[in-house]
Amino acid sequence: LLLGGILWLYLQGKRFGAPRLEPIQAKATGDVYIRGMASLYQWAGLKQESLAIQLEGLLRETNLRMGLSPKASRAELWEQIEKRMGPTACKGLQDLADQVEGLTPPVKRSSFLRISQALQKWKEELEEWTRNRSGR
């Protein structure tokens, strides 16, 4: 009877003993993500396309944070950024967009990393600006 009870508990998946604590996972930084994606896109030969996608996502998010429609024109976006974040921020994003759109294949890995990091940095600055503006 005792053996049957132990077998039944075993089959039910019951644990005997103290629970084990899971190790805390270190959170990856944006730089690690960018380098990983750079390697993947380099392997696939899609660096230029990746930068274009990153830029469009950033512009769409910037539109939303500026209170514009996701499909607002660039001229409207530049005007709002200059008005709300200042001319330096506006010029920085314009230059970044020009760099991405002016790339010609093949895109060097160093250029890809530099521009990807600049796009990520701008996104982080936008998030910081939004946090500061909302008082969080």
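This is a walk through a predicted model of one protein chain, from its overall layout to a few single residues.

Let's start with the whole chain. How many helices and strands does the chain have? There are six helices and zero strands, so read from the N terminus, as helices and strands are named here, the order is simply α-α-α-α-α-α. The chain has 136 residues, and 27% of them are buried. About 10,000 Å² of the chain is exposed, with carbon and sulfur atoms supplying 58% of that area. Now think about which parts of the chain touch each other. Among contacts between residues at least 6 apart in sequence, 61% link residues at least 24 apart.

Begin at the N terminus with helix H1, residues 2-11. How many of the ten residues of H1 are buried? The count is zero, and this helix is hardly covered. Just after H1 you will find Gly13, with a positive phi of about 80°.

Next, look at helix H2, which covers residues 30-44 and contains Ser39. Is Ser39 buried or partly exposed? Its relative accessible area is 37%, and because the partly exposed range lies between 20% and 50%, Ser39 counts as partly exposed. Try finding Arg109 from here: Ser39 and Arg109 are 70 residues apart along the chain, while 8.5 Å separates their C-alpha atoms.

Helix H3 brings us to Glu61, one of its residues. Glu61 has a relative accessible area of 19%, and because the limit for buried is under 20%, Glu61 counts as buried. Which residues does Glu61 touch, once those up to four places away in sequence are set aside? They are Lys123, Leu126 and Glu127.

Follow the chain out of H3 and you enter the loop between H3 and H4, where Leu68 sits. Leu68 is a loop residue that counts as buried, at 17% relative accessibility. Not counting residues up to four places away in sequence, Leu68 touches Asn63, Glu76, Leu77 and Gln80. Take Gln80 from that list: Leu68 and Gln80 are twelve residues apart in sequence, and their C-alpha atoms are 8.6 Å apart.

Now we come to helix H4 and how it packs. H4 and H5 meet at an angle of about 145°, and their axes are 6 Å apart. On the H4 side, the contact uses Arg74, Trp78, Ile81, Glu82 and Met85. Facing them in H5 are Pro87, Ala89, Cys90, Leu93, Gln94, Ala97 and Glu101. Sorted by kind, the residues of this contact are eight nonpolar, one polar and three charged.

Two residues of the H4 side deserve a closer look. Trp78, leaving aside its neighbours within four places in sequence, is in contact with Leu59, Cys90, Leu93, Gln94 and Ala97. Ile81, also in helix H4, is buried, with a relative accessible area of 0%. Leaving aside its neighbours within four places in sequence, Ile81 is in contact with Thr62, Met66, Gly86, Ala89, Cys90, Leu93 and Trp122. Between the C-alpha atoms of Ile81 and Arg65, which are 16 residues apart along the chain, there are 9.8 Å.

From H5 we can move on to H6. The loop between these two helices holds Pro106, and a cis peptide bond with an omega of about -5° joins Pro105 to Pro106. H5 covers residues 87-101 and H6 covers residues 109-134; they pack at an angle of about 145°, with axes 11 Å apart. The crossing of H5 past H6 is left-handed. In this contact, Ala89, Gly92, Leu93, Leu96, Gln99 and Val100 of H5 meet Arg114, Ile115, Ala118, Leu119 and Trp122 of H6. Here the residues divide into eight nonpolar, two polar and one charged.

Finally, let's put the pieces together in the largest nonpolar core, which has 24 residues. Which of its residues touch the most other members? They are Trp78, Ile81, Leu93, Leu119 and Trp122. H3, H4, H5 and H6 each supply at least two residues of this core.

Notes. Residues are numbered from 1 along each chain as its sequence is written. This is a predicted model: local features need pLDDT of at least 70, side-chain atom pairs count only at pLDDT 80 or more; totals for chains, interfaces and linings use all residues. Side-chain values use heavy atoms; hydrogens and water are left out. Axes are lines fitted to C-alpha atoms, for helices over the stretch in contact, and angles run from 0 to 180 degrees between N-to-C directions. Helices (H or I, at least four residues) and strands (E, at least two) are DSSP runs, numbered from the N terminus. A crossing is left-handed if the near helix is turned anticlockwise from the far one by less than a right angle, and right-handed if clockwise. Contact means heavy atoms within 4.5 Å. Ala, Val, Leu, Ile, Met, Phe, Trp, Tyr, Cys and Pro count as nonpolar, Asp, Glu, Lys and Arg as charged, and the others, Gly among them, as polar. A nonpolar core is a set of buried Ala, Val, Leu, Ile, Met, Phe, Trp, Tyr and Cys residues joined through side-chain atoms within 4.5 Å. Buried means under 20% relative accessible area, exposed over 50%, partly exposed in between (1.4 Å probe, protein chains only). Accessible areas come from the Shrake-Rupley method with a 1.4 Å probe; for residues, only the protein chains shown count as cover.
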